Amino acid sequence: MIVGTAGHIDHGKTSLVRALTGVDTDRLAEEKARGITIELGFAYWPRPSGQVVGFVDVPGHERLVHTMLAGATGIDLVLLVVAADDGVMPQTREHLAILDLLGLERGIVVMAKCDLADEARRREVEGQIRAATAGTGLAEAPVLAVSAVTGEGLGELAAALDDALVASPPRPGADGRFRLTVDRVFSLAGAGTVVTGTVVSGAVRVGDQVMVSPAGHSARVRSIHAQNRLAERGAAGDRCAIALVGPDISTTSVPRGSVVLEPSLHNPTRRLDATVTLLAGERKPLGQWTPVRVHHGPGETLGRLVPLREAPPIAPGESDFAQLVLEAPVAVAVGDRYVLRDISATRTIGGGRIVDLSPPERRRRTPERRDELAALADADVLASLTSVLAGPRGHVDLEAFFRDRAAAADTPAFVTEALDLVVITAGPLKAGFLPQSWASLRTGAVEALTRFHAENRDAPGIGPERLRKALSPRLSPQLFPAALQRMASDGALVLDRSWVRLPTHSVKLSSEDERTWNRIAKLLGGSERFRPPRVRDVADALRLSEAQVRRLAKLAAKRGEVDEIAPDHFFLQAAVVEMADIVRALAKTDPDGKLTVIQFRDRLDNGRKVAIHILEFFDRQGLTMRRGDFRTINPHKAGLFTRPSGAPAPKMAPAAGRSAGAAPSRRGA
Ligand SMILES: Nc1nc2c(ncn2[C@@H]2O[C@H](COP(=O)(O)OP(=O)(O)OP(=O)(O)O)[C@@H](O)[C@H]2O)c(=O)[nH]1
Ligand SMILES: [Mg+2]
């Protein structure tokens with residue numbers, strides 16, 4: 001358990017820690033000379049139970065609130081110290097507000113220096129305390145009168161702390177991934193660079209590989225002190241001193257506010273969405289692009305605040321969502337608390353809880369996004385995930401979702417099973433869908449295809465990009481192909497060359513079209529197959545309109561029966577395979593694997609112009625590569641336009657399928 005002090009300057013915080021633990025935490029010469037606390041002080045208090053209570057003593061000076069903030073992060077319980085002579089003072093209130101913004105609810109109010117106050121004064125100050133704490137997390141906290149001088153009340157305070165130690169709830173994040181927020185760095189002979197701070201989640205062991213974030217320095221844990229004792233392991237809720245070794249590790253490379261974490265959690269961000277509360281005592285509302293000082297754990301970063309509501313600003317006393325755009329990247333997690341101070345660091349103005357580490361820059365305040373933010377803000381992680389999944393986005397990147405919450409590494413797998421999620425994997429992305437959301441996406445795809453086929457009987461299928469844009473939710477271009485693959489393997493649809501179609505759909509020509517096409521195909525084949533007539537010549541020969549010939553030829557091209565080698569110039573695919581074989585054979589006979597247009601033209605007995613068109617077609621398809629007057633076969637695409645081995649040479653359409661490297665699938669399926 002870690003206990004922090006809080007309260008106005010000179011109210012007796014350091015004296016109280018010393019009276020309890022015997023440790024004077026004001027170590028600096030300047031602290032001794034001025035009689036005030038300047039840096040965080042640490043003391044450890046071993047209890048008869050064997051447990052150790054850690055104390056973090058903070059300064060009360062109004063200029064040192066940032067240090068108080070650094071110390072208040074990660075404490076389990078606060079001793080709010082109010083001197084009986086002074087009563088409640090400005091930093092009593094400011095620290096109280098900060099504790100409240102940090103979500104701290106366990107605390108004891110110590111009416112210190114009670115030797116200086118009679119009964120009436122004590123009652124008066126207790127009244128002030130009750131008034132000040134009303135409505136905060138400390139509203140129910142006991143008030144104990146204590147004197148560090150006479151010792152009055154110290155026994156009761158110690159007993160209250162021991163009770164609190166027994167009643168300590170398990171630390172949230174105990175089973176998560178390791179994070180330690182750094183509040184101090186120093187170098188120690190024999191140990192090297194040592195960082196201290198609170199383990200906010202997970203655990204660390206000697207020998208572990210860790211990362212200093214946001215800087216991104218790798219390090220190994222050489223040794224650990226947990227709660228001031230040499231240890232093999234430090235766990236959530238412990239104050240630890242960790243000796244780090246790594247090429248980039250030094251006292252200057254790990255500033256206060258850094259986070260030492262399990263490497264998989266390293267994900268610095270400069271933009272985050274959060275809940276925000278503007279303190280009721282503030283005079284000015286939070287408008288668009290308000291400059292703010294953001295305190296996150298022991299760190300602080302300047303930034304701008306964007307209220308995420310239709311009509312800013314956010315008035316004093318109000319809470320809402322806001323986007324924080326920071327000047328430097330930070331290492332934070334969803335659920336972390338933060339505190340806002342004004343830009344010149346004279347006032348605490350508000351704070352809240354981080355909700356999203358990779359929020360959108362645009363359309364960030366739509367009603368849909370606000371609903372999503374409400375879902376993301378749910379502190380119950382499973383409930384949060386379920387409502388985001390049920391929302392308009394329909395899916396969540398599971399690895400990122402749980403990384404951003406520093407959850408245990410096996411959480412995605414566990415949750416996938418518990419919620420029966422459908423997981424679509426696309427590279428590093430693991431998108432989880434609720435079964436019903438996935439089913440409705442698939443139904444949407446089938447309906448879109450059904451509509452498309454009804455309206456486009458001649459088309460073999462819809463282009464994947466067009467289908468992607470027709471579906472809701474609209475999946476990212478990165479995710480969509482994997483989703484299509486899954487639907488195809490489920491049998492909902494077929495990926496046919498570059499088209500998506502229903503399994504039942506095929507381009508059916510009317511019997512009249514079929515007859516006409518057969519007449520056209522006959523003209524394209526035979527001895528003239530290497531120089532077939534162009535669309536206009538076919539139309540003239542068969543007394544058809546050019547448009548009709550073109551339409552049927554394009555349909556045949558989609559079905560894989562012909563290739564359009566040049567505009568309006570269609571070749572049967574069997575002839576294309578033959579020509580590709582000739583190209584390959586020519587290249588083979590040349591010692592350098594080269595062939596020329598002339599050689600190719602002679603073999604086809606074609607005109608030079610047509611020969612060039614054909615070779616340019618092969619260049620475009622990747623079979624050949626042109627270098628000046630020569631061409632060579634692209635070794636990676638040599639398998640284009642080949643007959644499957646053992647297949648008989650096709651007489652007429654349909655042509656043999658293309659093998660490796662060509663269109664992803666053949667007709668049929
Ligand atoms: N009479 C009396 N004086 C006290 C008591 N506790 C502390 N003092 C005196 O009050 C002064 C301030 O005490 P500190 O403990 O340094 O106060 P602090 O809250 O730590 O001050 P900062 O850290 O600078 O905010 C010192 O001169 C103490 O001797 C007490 O119980 N009774
Ligand atoms: Mg002090």
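User: In this predicted model, what makes Thr14 and Thr37 the protein donors of the magnesium ion (ligand 2)?

Analyst: The OG1 atoms of Thr14 and Thr37 lie 1.9 Å from the magnesium ion. The cut-off for a donor is 2.8 Å, so both atoms qualify. The pair links distant parts of the chain, 23 residues apart. Thr14 sits in helix α1 (residues 13-21). Thr37 sits in the loop between α2 (29-34) and β2 (41-46). Water is not among the atoms, so the site may look incomplete.

User: Are Thr14 and Thr37 buried or exposed?

Analyst: Thr14 is buried, and Thr37 is too.

User: Why is Cys114 called buried?

Analyst: Its relative accessible area is 1%. Buried means under 20%, so Cys114 is buried. Cys240, with a relative accessible area of 2%, is buried because that value is also under 20%.

User: How many disulfides does a search of the whole structure find?

Analyst: Zero. A disulfide needs a pair of cysteine sulfur atoms within 2.5 Å, so the search found no such pair.

User: What makes the approach of Ser15 to ligand 1 a polar contact?

Analyst: An N or O atom in the Ser15 side chain is 2.6 Å from an oxygen atom of ligand 1. The limit is 3.5 Å, so the pair counts. Backbone atoms contribute as well: a polar one of Gly60 at 2.9 Å, and an N or O of Ala148 at 2.8 Å. Ligand 1 alone exposes 650 Å², and the protein buries 79% of that.

User: Which residues come nearest to ligand 1?

Analyst: Lys13, Thr14, Ser15, Thr37 and Ala148, out of 19 around it. The shell divides into seven nonpolar, eight polar and four charged residues.

Key. Residues are numbered from 1 along each chain as its sequence is written. Chains are lettered from A and ligands numbered from 1 in the order in which they are written. This is a predicted model: local features need pLDDT of at least 70, side-chain atom pairs count only at pLDDT 80 or more; totals for chains, interfaces and linings use all residues. Side-chain values use heavy atoms; hydrogens and water are left out. Donors are N, O and S atoms within 2.8 Å of the metal (3.2 Å for Na, K and Ca); water is not among the atoms, so sites may look incomplete. Helices (H or I, at least four residues) and strands (E, at least two) are DSSP runs, numbered from the N terminus. Buried means under 20% relative accessible area, exposed over 50%, partly exposed in between (1.4 Å probe, protein chains only). A residue is near a molecule or strand if one of its heavy atoms lies within 4 Å of it. A polar contact is a pair of N or O atoms within 3.5 Å; within protein, one must be able to donate a hydrogen and the other to accept it, and residues adjacent in sequence count only if both atoms are side-chain atoms. Accessible areas come from the Shrake-Rupley method with a 1.4 Å probe; for residues, only the protein chains shown count as cover. Ala, Val, Leu, Ile, Met, Phe, Trp, Tyr, Cys and Pro count as nonpolar, Asp, Glu, Lys and Arg as charged, and the others, Gly among them, as polar.
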